[in-house]
Amino acid sequence: MRAVAVPPEATQQVVGYPALFALVVLGALVPVVPTGALVSTAAVVALHQSVPAVSLLLVFLVAALAAFVGDLTLYWLGVRGVRSKNGSKWLDALRKRAPQHRLEQAQRKLEEHRSQVLTLSRLVPAGRIPVMLACLLAKMPISRFARGDVPAALAWAAAYQLVGVLGGALFARPWEGVAAAIAVTLLISGAPALWRRVRGATG
């Protein structure tokens, strides 16, 4: 009996979606994985699949779920650190990644807008960690954080997928769309740091 060959597209999907999920979760926990670029790249690839609408929907759902799981895991680890007398390495890592002025700004926004600020924090580069730390210091229950993080994860996945779709639509070759999507997402993520340097040099 002759073995049935697995189509390359099916192989990509079987490997790609779990990999996307794992890498986005990892990127939510440690700042070494450019998760926005991953989602945009996956969207470009999905756009060139045989049924792009289904592939794009799966990318969106996987990315949003992974972002939510990663955020919730990191917040749970932070809650344990807040409750512990000796703190934790995760809470210390969050403090190091949130400059004092950004934390104070996040605390003010949290007081004004409550958990709704979580959605904006996911869309603003480098905004997620200061807001999450502000929620931890305010002792926001994890259930309330989870409710506020659902629309944040959905909005984040939609925004970066849109970058990928635009990049894939502008170029005929998938690799060109991937390169464009990565360049745009890296530019977005690096813009705040560049702006601070410019202000510091001119200030």
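## A first look at an all-helix chain

Start with the outside: the protein chain exposes about 11700 Å², and carbon and sulfur atoms supply 66% of that area. Keep in mind that this is a predicted model. As for the build, the secondary structure comes to nine helices and zero strands, so if you read along the sequence you get the pattern α-α-α-α-α-α-α-α-α. The chain has 203 residues, and 40% of them count as buried. Take the contacts in the chain with a separation of 6 or more: residues 24 or more positions apart account for 76% of them.

Now for a few of the helices, one at a time. Here are three to find in the picture.

| Helix | Residues | Citation |
|---|---|---|
| H3 | residues 52–83 | |
| H4 | residues 89–96 | |
| H5 | residues 100–113 | |

**Helix H5.** This helix has 14 residues and reaches 20 Å from its first C-alpha to its last, close to the 20 Å expected at 1.5 Å a residue. Which residues of H5 are buried? They are Arg102, Leu103, Ala106 and Leu110. These residues cover an arc of only 100° around the axis, which puts them on the same side of H5. Turn to the face pointing away from that buried side and you meet the exposed residues Glu111 and Glu112. Right after the helix comes Arg114, whose phi is positive, near 60°.

**Leu94 in helix H4.** Is Leu94, a residue of H4, buried or exposed? With a relative accessibility of 0%, Leu94 counts as buried, because the cut-off for that label is under 20%. Set aside its neighbours within four places in sequence, and Leu94 is in contact with Leu74, Ile129, Leu133 and Leu136. There is also Pro130 to look at: Leu94 and Pro130 are 36 residues apart along the chain, yet 7.9 Å separates their C-alpha atoms.

**Leu58 in helix H3.** Back on the surface, Val51, Val54 and Leu58 make a nonpolar patch of about 230 Å². One of these, Leu58, has its place in H3. At 34% relative accessibility Leu58 counts as partly exposed, because that label covers values between the 20% limit for buried and the 50% limit for exposed.

So what do the two leucines look like side by side? Leu94 sits at 0% and counts as buried, whereas Leu58 sits at 34% and counts as partly exposed.

Technical notes: Residues numbered from 1 in each chain as written. Predicted model: local features only at pLDDT ≥ 70, side-chain atom pairs only at ≥ 80, totals over all residues. Heavy atoms only, no water. Helix = DSSP H or I, 4+ residues; strand = E, 2+ residues; numbered from the N terminus. Expected span 1.5 Å × (residues − 1). Buried < 20%, exposed > 50% of the residue type's maximum accessible area, 1.4 Å probe, protein only. Arc of directions from axis to C-beta. Patch = residues over 30% accessible without salt bridge, like charges linked within 9 Å, V, L, I, M, F, W, Y side chains within 5 Å. Areas by Shrake-Rupley, 256 points an atom, 1.4 Å probe, with all protein chains shown as cover. Salt bridge = Lys/Arg side-chain N within 4 Å of Asp/Glu carboxyl O. Contact = heavy atoms within 4.5 Å.
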